[in-house]
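Trainee: I have a protein model open on my screen and no clue where to begin. Could we go through it together?

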Amino acid sequence: MRLLANYTEYTLKRTRPRFLPTRLLIEPTSHCNLMCPGCPSKDLPDRKRVHMEMGLFRKLADEASGFARDVHLFVAGEPLMHPDILEMVGYLKKKGLRAMIHTNGALLDTNLAQGLLEQKLDYLSFSLDGYDAKTAHRYKPPVDFDRVIANVVSLLELKKEMKATRPFTIIQSLLFNENDYPDELVAEFKARFKDLPLDRLHRIKPHDWAGQTHRKPSTTEKQAYKHCFRPWFSLAVLACGEIVPCCIDCTGKYVIGDATRISLEEAWRGKRLAELRAMLITGEKQAEKSGLCGGCHMLYTKRLFGLPLEEMGFFIKERSRKV
């Protein structure tokens with residue numbers, strides 16, 4: 001019902017929605033062990049490379065428990081680098097929230113894997129941009145492809161041994177080039193997980209981090225402008241405590257508040273986010289003035305009832321998954 005309420009306010013173009021967001025994204029850490037060319041987080045200044053303090057995390061989880069259904073522990077940094085990531089998952093579960101993690105998988109040792117299973121993490125997505133070592137290393141240097149695969153298999157074997165239904169586990173890959181995934185390679189990759197509880201392989205087109213990376217919609221991809229749905233559905237908090245409109249703003253280009261000083265509800269209903277929604281509603285030229293959204297391909301993707309087909313479809317599947 002909350003998702004429907006958010007959608008209604010999006011279609012009615014309310015700049016100050018009555019309903020709070022369905023999803024909260026919290027970045028446990030802005031540190032990352034990889035240097036992916038398509039990710040702007042590698043260019044963060046040192047002052048923003050921090051682990052979120054547990055006191056702030058608990059404050060955010062306490063607030064989110066009053067309105068959100070799930071919390072995604074990822075924005076741009078590698079969540080498994082936070083020393084208290086298991087405690088974070090456990091605290092979310094204690095608050096009745098669905099806990100979700102997106103990871104490159106390189107740091108997922110046996111202890112972490114067992115801990116995530118014991119904490120009953122709801123959703124675990126592995127980011128692996130390629131089904132062989134050469135392709136994966138091209139897009140995620142300096143990833144050790146074989147190590148990541150071994151880590152995924154180890155977690156899935158533990159999940160099977162424990163007869164656990166959680167977490168719902170996927171491997172997500174960015175589709176930079178169709179030729180990276182020939183049928184023979186896909187079949188060989190799937191065979192690595194035969195008889196293991198891997199729930200899905202998912203390939204998606206990369207986004208451009210609001211114009212901060214090389215990816216732009218092609219002439220055939222580009223659709224008519226439509227205001228983005230994210231500022232009506234979700235909210236994100238960076239590891240340093242900056243509240244931003246969505247997960248794409250991983251460098252804090254459009255900060256709407258400081259989570260150490262104001263509540264999430266204050267940020268959601270505040271002037272700064274209302275102004276961004278108004279700019280998006282007004283049109284393309286105003287969106288460009290935001291300093292964040294103007295270059296984002298999300299404004300020009302294929303839509304159904306005003307919502308981006310691929311993005312919203314995946315969003316709904318994540319939320320509605322029974323695990």
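**Rings, sheet and helices**

Mentor: Let's start with one residue in this predicted model: Y181 has a relative accessible area of 6%, so it counts as buried.

Trainee: And what about Y131, is that one buried or exposed?

Mentor: The cut-off for buried is under 20% relative accessible area. Y131 comes out at 1%, so the word for it is buried.

Trainee: How many aromatic pairs are there in the whole structure, and what kind of pair do Y131 and Y181 form?

Mentor: A search of the whole structure turns up eight aromatic pairs. For Y131 and Y181, the ring centres are 4.8 Å apart and the planes make an angle of 80 degrees. Planes over 60 degrees apart get their own label, so this pair is edge-to-face.

Trainee: Where in the chain do Y131 and Y181 sit, and how many residues apart are they?

Mentor: Y131 is in the loop between β4 and α5 (133-139), while Y181 is in the loop between β5 (168-174) and α7 (183-191). The pair links distant parts of the chain, and the separation is 50 residues.

Trainee: Then there's Y139 with F176. What kind of pair is that?

Mentor: Their centres are 4.3 Å apart, with 20 degrees between the planes. Planes under 30 degrees apart fall in one class, so Y139 and F176 are stacked.

Trainee: Why does that pair tie together separate parts of the sequence?

Mentor: Y139 lies in helix α5, but F176 belongs to the loop between β5 and α7. The pair therefore joins parts whose distance in sequence is 37 residues.

Trainee: Which label, buried or partly exposed, goes with F176?

Mentor: Its partner Y139 has 14% relative accessibility and so counts as buried. F176 has 28%, so it counts as partly exposed.

Trainee: Over which rings does the charged end of R277 sit?

Mentor: One is the ring of W232, with the charged end 5.9 Å from its centre. W232 is also part of an aromatic cluster with Y10, F229 and F233. For the other ring, the distance to the centre is 4.6 Å, and that ring belongs to W268.

Trainee: On to the sheet! Which strands are its edges?

Mentor: Nine strands form an open sheet with mixed pairing, in the order β6-β5-β4-β3-β2-β1-β7-β8-β9. An edge strand pairs on one side only, and here those are β6 (200-204) and β9 (257-258).

Trainee: Which way do β3 and β4 run, parallel or antiparallel, and which residue stands opposite H102?

Mentor: Strand β3 (residues 98-103) and strand β4 (residues 123-127) are joined by four bridges and run parallel. Looking across from H102 into β4, you land on S125.

Trainee: What are the partners of I26 and A236 around β7?

Mentor: Strand β1 (residues 23-26) runs parallel to β7, with four bridges joining them, and I26 has V237 as its bridge partner. Strand β8 (residues 242-244) pairs with β7 in the antiparallel sense over two bridges. There, the residue opposite A236 is V244.

Trainee: Which β7 side chains point the opposite way from S234 and A236?

Mentor: In a regular strand, side chains alternate between the two faces of the sheet. In β7 (residues 234-237), all four of these residues are buried, and the ones pointing the other way from S234 and A236 are L235 and V237.

Trainee: Which residue in the turn between β7 and β8 has a positive phi?

Mentor: The two strands form a hairpin with four residues between them. Phi is about 100 degrees at one residue of that turn, G241.

Trainee: What about α1: why do its buried residues line one face?

Mentor: In α1 (residues 2-11), the buried ones are L3, A5, N6, E9 and Y10. Seen down the helix axis, they line one face because they fall within an arc of 160 degrees.

Trainee: And what helps cover the buried residues of α3?

Mentor: Helix α3 (residues 85-94) has I85, M88, V89, G90, Y91 and L92 buried. Their cover includes α2 (54-64), β2 (70-72), β3 and α4 (110-118).

Trainee: Last one: what share of the chain is buried?

Mentor: The protein chain has twelve helices and eleven strands. Out of its 323 residues, the buried share is 55%.

Notes
Residues are numbered from 1 along each chain as its sequence is written. This is a predicted model: local features need pLDDT of at least 70, side-chain atom pairs count only at pLDDT 80 or more; totals for chains, interfaces and linings use all residues. Side-chain values use heavy atoms; hydrogens and water are left out. Two strands pair if DSSP finds at least two bridges between them. Buried means under 20% relative accessible area, exposed over 50%, partly exposed in between (1.4 Å probe, protein chains only). Rings of Phe, Tyr and Trp (its six-membered ring) pair if their centres lie within 6.5 Å; planes under 30 degrees apart count as stacked, over 60 as edge-to-face and the rest as tilted. A charge sits over a ring if NZ of Lys or CZ of Arg is within 6 Å of the ring centre and within 35 degrees of the ring normal. Contact means heavy atoms within 4.5 Å. The arc is that of the directions from the helix axis to the C-beta atoms.
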